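User: Could you walk me through a structure and tell me how each label is earned? I'd like to see the values set against the definitions.

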Amino acid sequence: MYLEIISPEAILYSGNIDSLSVPGTDGSFQVLENHAAIVSTLVKGKVTIKGTFDPSKSFEMPFKKIDSNSIALEISSGTVELQGNKLILLVD
């Protein structure tokens, strides 16, 4: 599925991923390919992105590399929307 992470300053990430875990208002949840359409508000916490990332690409602030297939991003709040295997994550 395709993910775009957008902050007020810039587009932080755009590309294909395998899964996304987010801190939802009612608890953390994970989104996988072909997930039902969803819109949710997010609270302060860690967003975890799993996928096959280009090893030559280094992830810098605000991302933290967890392992070769996972990166994390700390957010203070946000919104996530998924429709048709396209995720849009608006974050602060």
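User: Why is Ser-40 called buried?

Analyst: Happy to start there! Ser-40 has a relative accessibility of 15%, and buried means under 20% relative accessible area, with exposed over 50% and partly exposed in between (1.4 Å probe, protein chains only), so Ser-40 counts as buried. Please keep in mind that this is a predicted model, in which local features need pLDDT of at least 70, side-chain atom pairs count only at pLDDT 80 or more, and totals for chains, interfaces and linings use all residues. Residues are numbered from 1 along each chain as its sequence is written, and side-chain values use heavy atoms, with hydrogens and water left out.

User: Which residues does Ser-40 touch, not counting those up to four places away in sequence?

Analyst: They are Gly-24, Phe-29, Gly-78, Thr-79 and Val-80, where contact means heavy atoms within 4.5 Å. Ser-40 itself lies in strand E5 (residues 38–42); strands here are DSSP runs of at least two residues, numbered from the N terminus.

User: What makes Tyr-13 and Phe-63 an edge-to-face pair?

Analyst: Rings of Phe, Tyr and Trp (its six-membered ring) pair if their centres lie within 6.5 Å; planes under 30 degrees apart count as stacked, over 60 as edge-to-face and the rest as tilted. For Tyr-13 and Phe-63 the values are 6.4 Å centre to centre and 65° between the planes, so the pair meets the distance limit and is edge-to-face. A search of the whole structure finds one aromatic pair.

User: Why does this pair tie together parts that are 50 residues apart in sequence?

Analyst: Because Tyr-13 sits in strand E2 (residues 11–16) and Phe-63 in strand E7 (residues 63–67). Tyr-13 counts as buried at 7% relative accessibility, and Phe-63 is buried too, with a relative accessible area of 8%.

User: How do you know that E3 and E4 pair?

Analyst: Two strands pair if DSSP finds at least two bridges between them. E3 and strand E4 (residues 27–32) have six bridges, in the antiparallel sense, so they qualify. Gly-24 stands opposite Gly-27 in E4, and a hairpin of two residues joins E3 to E4.

User: How many bridges join E3 to E6?

Analyst: Three, and these strands run antiparallel. Ser-21 has Thr-48 in E6 as its bridge partner.

User: What makes E3 mostly covered?

Analyst: Five of its six residues are buried.

Note on methods
Helix = DSSP H or I, 4+ residues; strand = E, 2+ residues; numbered from the N terminus.
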